[in-house]
Amino acid sequence: MTVKDVTIAELVDTLPAGVVVTDPDLLEKYRRDRAADPLAGQPLAAVRAESTEHVQIAVRWAARHRVAVVPREAGTGLSGGSTAVTGGIVLSTERMRAIRVDPLTRMAVVQPDLLNAEVKAAAAVHGLWYPPDPSSFEICSIGGNIATNAGGLCCVKYGVTTDYVLGLEVVLADGRTVRLGGQRLKDVAGLSLTKLFVGSEGTLGIVTEATLRLIPAQPPSSTLVATFPTT
Ligand SMILES: Cc1cc2nc3c(=O)[nH]c(=O)nc-3n(C[C@H](O)[C@H](O)[C@H](O)COP(=O)(O)OP(=O)(O)OC[C@H]3O[C@@H](n4cnc5c(N)ncnc54)[C@H](O)[C@@H]3O)c2cc1C
């Protein structure tokens, strides 16, 4: 056994069966996002965390052994943000899929793997709406949306992801968990660290839970075509 095998075995043994993937065939799907980087590295393992605690364990292990961590969600990114690094691990939160909607305070507490479309659907049950709409909304996740501050056509009128993130739970590089922001627009005491984390592409920490602001559902939309005789 090499030193590398021993260190990975330590991680495999610490987490429940099936959480850490080391089979090269299974690892293949964790190497690239939609940027399809031909230079993508060969990770040692992919950790499919099921809880914040799993993320903490993996990050602490990585810090101890000086192993690079690449956070990953649905892998629809077009800029290679979740491209794997040789000798590193891919930390996927694809198994963290809980959501709770509170219609009274118009907010949703979501784990990172919920697809944007699933958050919209859960909000719609209560007559509410989650506006950020990257055109990949049916295939990309809230964790990825937060890490990239995603926006789509609706951002012109309604704003982008950061305008709907009230609070975050984040695992930092040393494995500590912090809670930023809160459940209300008025939870603004201290530095605005929530805004700093949104759009940080996983470089500051791994998002394990987000509190999202919802607004009342909009009336059905219609399309209007207008023509003008001059510019
Ligand atoms: C057809 C198509 C259309 C698209 N249209 C748009 C668009 O209109 N607007 C737009 O903004 N984008 C668009 N995108 C890009 C992409 O869908 C978005 O960037 C999306 O937010 C990525 O989400 P994901 O779940 O796939 O994240 P991934 O691709 O897995 O990751 C994206 C980045 O987030 C980091 N990350 C992932 N999860 C976490 C986490 N839990 N904590 C911390 N960091 C994390 C990764 O390390 C990486 O840097 C499009 C992509 C496609 C394929």
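Which pocket is the space taken by the ligand? In this predicted model, the ligand occupies the largest pocket. I shall describe the surroundings of that ligand in order, beginning with the residues.

The ligand is surrounded by 30 residues. The closest of them are Pro71, Thr76, Ser136, Gly151 and Glu201. By character, the shell around the ligand comprises 16 polar, 10 nonpolar and 4 charged residues.

Let us now ask where these residues come from. Domain 1, residues 3–92, and domain 2, residues 99–216, each contribute at least three residues to the shell. Among the secondary structure elements, strand E3 (69–72), helix H5 (142–148) and strand E10 (206–213) each provide at least two. Which element gives the most to the shell? That element is H5, with 5 residues.

I turn next to individual polar contacts. Two of them concern oxygen atoms of the ligand. At Ser135, a backbone N or O atom lies 2.9 Å from a ligand oxygen. At Thr148, an N or O atom of the side chain is 3.0 Å from an oxygen atom of the ligand. A further contact concerns nitrogen: a backbone N or O atom of Gly151 is 2.7 Å from a nitrogen atom of the ligand. As for how much of the ligand is covered, on its own it has 980 Å² of accessible area, and the protein covers 85% of this.

To conclude, the ligand takes up the largest pocket, and its shell draws on both domain 1 and domain 2. Thank you for your attention.

Conventions. Residues are numbered from 1 along each chain as its sequence is written. This is a predicted model: local features need pLDDT of at least 70, side-chain atom pairs count only at pLDDT 80 or more; totals for chains, interfaces and linings use all residues. Side-chain values use heavy atoms; hydrogens and water are left out. A residue is near a molecule or strand if one of its heavy atoms lies within 4 Å of it. A polar contact is a pair of N or O atoms within 3.5 Å; within protein, one must be able to donate a hydrogen and the other to accept it, and residues adjacent in sequence count only if both atoms are side-chain atoms. Accessible areas come from the Shrake-Rupley method with a 1.4 Å probe; for residues, only the protein chains shown count as cover. On a 1 Å grid over the protein atoms alone, a cavity is a set of points where a 1.4 Å probe fits but cannot get out, and a pocket is an open set with protein on both sides within 12 Å along at least five of seven lines; lining residues have an atom within 4 Å of a point. A molecule sits in a cavity or pocket if more than half of its atoms lie within 2 Å of its grid points. Helices (H or I, at least four residues) and strands (E, at least two) are DSSP runs, numbered from the N terminus. Ala, Val, Leu, Ile, Met, Phe, Trp, Tyr, Cys and Pro count as nonpolar, Asp, Glu, Lys and Arg as charged, and the others, Gly among them, as polar. Domain bounds come from an automatic or database domain assignment.
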